[in-house]
Every structure is written in C-alpha cells, then in structure tokens.
Amino acid sequence: MAVSVFDMFKIGIGPSSSHTVGPMRAALAFCEDLVEKGGLERTAQVVVKLYGSLALTGVGHGTDKAVILGLLGETPRDVNPDAIDDMLAAVRQAKRIKLLGQHEIAFDPAEKIEFHKGERLPRHSNGMGLVAFDADGGVVHEEIFYSIGGGFVVREHEEEGDGASDDQAPIPHPFNTAEELLAQCRDNNMSIWALMLENEKIWRDEDTVRQELLAIWQVMQECTQRGFRVEGNLPGGLEVRRRAPRLYRELQEQNADEHLDLLDWVNVFALAVNEENAAGGQVVTAPTNGAAGIIPAVLHYYNRFVDDASDEGVIRFLLTAGAIGILYKKNAGISGAEMGCQGEVGVACSMAAAGLTEAIGGSLSQVENAAEIGMEHNLGLTCDPVGGLVQIPCIERNAMGSLKAINASRMAMRGDGQHKVSLDQVIRTMRQTGNDMKSIYKETSQGGLAVNVPEC
C-alpha cells in the first residue's frame with residue numbers, strides 16, 4: 001500500500017493520535033458502516049469495548065470522550081475544540097446520543113463504554129470492539145478496530161490502515177526500505193523531497209500538494225501561538241502548570257544574542273505545542289500526537305534561525321520528513337503502545353533531522369545519516385505516562401527530541417554522509433527493541449515513571 005505525506009501529517013485534536021484520534025475515527029467509521037448496511041435506523045443501542053492500552057490509559061488519553069465524539073459524527077480535523085466539553089456534557093447528562101447527528105438512541109457512557117483492562121486483542125494493544133443492537137437485542141453490526149498509531153485505523157479483516165492514500169493508486173516511485181528509497185533517488189537523479197512530490201501527484205496536483213503542506217505548517221504555527229498565550233494548569237489532575245507562556249515572555253524580553261538563547265527558543269516551541277496537545281487542543285499529528293511538538297519546533301528553528309529559510313524549504317522539509325516517517329510505519333511502528341516512545345518521539349526526531357538537513361541543502365547521504373542519528377539515540381525509549389496523561393514525561397521529552405533532531409542534522413552536515421550504521425539497520429533495531437520491550441513500558445502506565453511518580 002502506498003502511503004501519502006498527508007497520512008503522516010494529520011490535523012486533529014489532542015491528547016493522543018492512537019488513543020484519541022484513532023478511536024474517534026473508528027467510532028465514526030462504525031456509524032458510517034451502519035448507514036451503508038442500512039442498519040442505522042434499526043440500531044437501539046451501541047456498546048464499545050476498549051482493550052489493552054486503550055483500556056489501561058484510555059481515560060487519561062480521552063479515549064472515552066473521543067468515542068462519543070466519533071459516534072456523534074465529529075472528525076478529528078473538523079471538530080471545534082471549544083465545543084467539545086458541551087457536547088460531552090450533553091450526552092452524559094441526557095444519557096442519550098444522536099448517532100451521526102441523525103439517529104437518537106439511549107446511551108450512558110458509564111455503562112456502554114467498557115474498559116477491559118485485563119484483556120488484550122491479539123493483533124495490537126490498541127484494540128476496540130463496537131457492537132450495535134436492535135430493539136430486540138439482536139446484533140445489527142459489529143466490528144473490531146485497531147488504532148495502530150498516528151491516527152491510522154485498521155479493521156480486523158484489513159491488512160493495512162486507512163488514510164489519504166487508500167485508493168491503492170500505483171505511485172511512480174515505490175519504496176519500502178531506505179535502501180530502495182535512496183536507490184530510486186539516485187537512479188532518477190532526484191532528492192527525497194522531489195521523489196515524494198512526484199508520488200504525491202497521483203492523488204493531487206502539485207499546486208495543491210504545496211498549498212496543503214503550507215496549510216499544515218500554518219496549523220502548527222497557530223498551535224504554537226495558542227501555547228504561548230494560554231496560562232494555567234493542564235487538565236487531568238496532575239496539576240502540571242503550563243510553562244511555555246512564561247518562558248516565551250522571558251525570551252522576548254532578553255537580548256536575542258544571549259548565549260544558548262537558541263536552545264531556549266527550541267524548547268519553548270516544543271513545550272507550547274505539547275502543552276496544547278495535552279489540553280486537547282488542535283495539533284498536527286507528526287507522526288503522532290505524543291510527539292507532535294518536535295517537527296513544529298524544528299521547523300520554527302529553521303524559520304527563525306536559518307538565514308535563507310523559505311516556504312520552499314518548509315515544503316521540502318515536510319516531504320522529506322514524511323518519507324522517513326513512511327519507512328518507520330512500514331517497517332517498525334509509530335505507536336507507543338507497540339514500540340514504546342521510541343516509536344513516537346524517536347520517529348519524530350528522525351523525521352525532523354532528515355527534514356531539516358534537506359531544507360538546509362544536505363546531500364542524499366547526509367539526509368539519511370541525520371535520520372539514522374536521530375533514531376539511534378532514542379532506541380529503547382519507553383512510554384511510561386504518569387497517570388496515563390501526555391504530560392509527564394511527554395512534554396519535556398518533545399523538547400529534548402527537538403534538540404536531538406537539530407544536533408543530528410548538524411552532525412550529519414559536518415560529515416560527508418558516510419556512516420557505519422544505515423537507516424534500515426536502525427529501523428530494524430528499533431522494531432526488535434520494541435518487540436523485546438516489556439508491555440509495562442508501552443503506554444500502559446504500569447511501569448517506569450508511571451509507577452514511581454505519585455499522581456498527586
């Protein structure tokens with residue numbers, strides 16, 4: 001299956017692509033299936049069953065809220081974040097829900113959304129089942145979905161996740177590994193971004209590709225600006241205070257040439273985005289929500305501190321980063337519940353390092369080297385969210401991942417592109433490491449900081 005850059009960068013809401021965006025899309029798809037099968041009007045009740053990581057950290061990640069929104073017919077891209085609380089309160093108070101905004105049934109979320117914390121479906125830790133019943137208790141329709149990371153959703157009987165590229169159109173330059181990608185680039189005398197652009201043109205014309213990529217960048221910038229403005233504590237009970245607004249004000253008041261000022265700016269860019277994500281704001285999944293701050297922070301670094309930065313550079317950055325993300329999706333995984341945080345922050349770091357290197361004029365070999373460095377030094381990174389919330393250690397981890405990405409790019413640019421460890425080798429190592437990692441370190445909040453840091 002071909003994967004689009006717009007599969008890797010989706011506009012959605014926080015706090016989690018796999019636990020919020022994915023379940024919302026699954027619930028929506030289930031209702032759309034009901035319409036297609038002619039069963040919507042016959043439906044009298046719906047039961048949602050969450051398994052594995054979705055059950056263990058679902059409340060902290062807003063999975064139950066996302067399911068309600070999906071059943072209502074909302075999409076992650078178009079839902080109004082300011083209206084979410086009112087929509088949820090209305091359903092919970094009335095104990096009724098209007099499926100797709102069309103067909104009203106009795107629905108008490110406390111009873112109809114079940115958290116099966118002791119069960120894991122065989123295919124993926126992020127499993128969920130939905131069942132629609134008629135008035136006599138007969139099954140109208142049932143389906144199992146897996147939220148496999150980055151907002152991708154796959155049904156039980158499907159092999160691949162859905163996305164912008166699910167029309168199965170053949171692309172001119174297919175690749176499954178970094179070796180194949182680089183060979184395609186060399187054989188056609190193309191950079192990674194140019195090859196990706198040619199592939200994208202099977203789904204949309206070049207002007208549209210460029211406009212939509214810049215629209216993605218615009219949403220990232222708007223998210224950052226909201227993160228600079230909004231004060232107070234993040235929701236969830238941990239009483240984690242937003243730091244980006246204060247740090248942003250301090251940086252604006254300082255001399256722009258002060259030593260290490262650049263590092264502080266990168267930190268505040270990442271913190272602003274991930275604090276917005278933790279609050280359920282609109283973000284770009286890049287490639288996941290838990291790692292949503294890294295690519296925007298590195299893009300802000302490029303835009304602010306690189307002398308010849310341009311929109312063209314942003315487009316090349318995102319196309320290149322998307323290609324690297326596709327390699328991880330195809331050969332390892334981008335879900336914290338499957339790979340640990342190396343599959344989220346590690347992948348985003350690798351993508352950002354490659355994108356930055358391309359934007360500042362790196363060679364093909366230097367781009368691959370930057371991507372490899374970005375992941376190599378995130379191998380084994382666990383996903384251990386305190387309280388099941390994307391606050392500790394997730395927010396700071398994005399800031400650290402952003403700085404790692406910039407340093408990986410600088411190291412690659414200082415070299416000649418020759419290196420001992422290939423990107424394919426580090427991706428295989430990441431996959432093996434994720435498979436060997438105990439489940440308590442993979443977004444279950446059963447190990448690591450999640451059990452060693454008190455929640456209050």
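**Figure 1. The lining of the largest pocket mixes three residue classes.** In this predicted model, the largest pocket is lined by 15 nonpolar, 12 polar and 8 charged residues. The lining comprises 35 residues. Nearest the pocket centre lie K65, P235, A278, A279 and G280. The volume of this pocket is about 750 Å³. Three helices each supply at least two lining residues: α4 (63-72), α5 (84-94) and α11 (261-278).

**Figure 2. P81 sits in the loop between α4 and α5**. Is P81 buried, partly exposed or exposed? P81 has a relative accessible area of 31%, and buried means under 20% while exposed means over 50%. P81 is therefore partly exposed. Distant parts of the chain meet here. P81 and Q282 are 201 residues apart along the chain, yet 6.9 Å separates their C-alpha atoms. Beyond its neighbours within four places in sequence, P81 contacts I13, G280 and Q282. Of these partners, G280 also belongs to the group nearest the centre of the largest pocket.

**Figure 3. Strands β7 and β8 form an antiparallel hairpin**. Strand β7 covers residues 139-149, and strand β8 covers residues 152-155. The two strands are joined by 4 bridges. One pairing to look for is S147 with its bridge partner in β8, V153. Between the strands lie 2 residues. In this hairpin, G150 takes a positive phi near 70 degrees.

**Figure 4. Strand β8 is covered on both faces**. F152 and V154 lie on one side of the strand. V153 and R155 lie on the other. All four residues named here are buried, the charged R155 among them. V153 is also the residue that bridges to S147.

**Figure 5. Helix α10 keeps its buried residues on the same side**. The helix spans residues 244-253. Its buried residues are A244, P245, L247, Y248 and L251. They cover an arc of only 165 degrees around the axis, so they fall on the same side of α10. What do these buried residues pack against? Their partners are α9 (206-229) and α11. Helix α11 also supplies at least two residues to the lining of the largest pocket.

**Figure 6. The largest cavity holds about 130 Å³ of space**. A search of the whole structure finds 2 cavities of 30 Å³ or more. The largest of them is lined by 15 residues. Which residues are closest to its centre? They are G290, E344, C383, V390 and C394. Two helices, α2 (17-36) and α17 (394-414), give two or more residues each to this lining. By class, the lining divides into 6 nonpolar, 5 polar and 4 charged residues.

**Figure 7. The second largest cavity holds about 50 Å³ of space**. Its lining consists of A2, V3, I171, F175, M196, N199, W203, I326 and K330. At least two of these residues come from α8 (192-200), and at least two from α13 (311-331). How does the lining divide by class? There are 7 nonpolar residues, 1 polar residue and 1 charged residue.

Methods
Residues are numbered from 1 along each chain as its sequence is written. This is a predicted model: local features need pLDDT of at least 70, side-chain atom pairs count only at pLDDT 80 or more; totals for chains, interfaces and linings use all residues. Side-chain values use heavy atoms; hydrogens and water are left out. Buried means under 20% relative accessible area, exposed over 50%, partly exposed in between (1.4 Å probe, protein chains only). Two strands pair if DSSP finds at least two bridges between them. On a 1 Å grid over the protein atoms alone, a cavity is a set of points where a 1.4 Å probe fits but cannot get out, and a pocket is an open set with protein on both sides within 12 Å along at least five of seven lines; lining residues have an atom within 4 Å of a point. Grid points are joined across faces, edges and corners, and a volume is the space filled by probe spheres set on the points. The arc is that of the directions from the helix axis to the C-beta atoms. Contact means heavy atoms within 4.5 Å.
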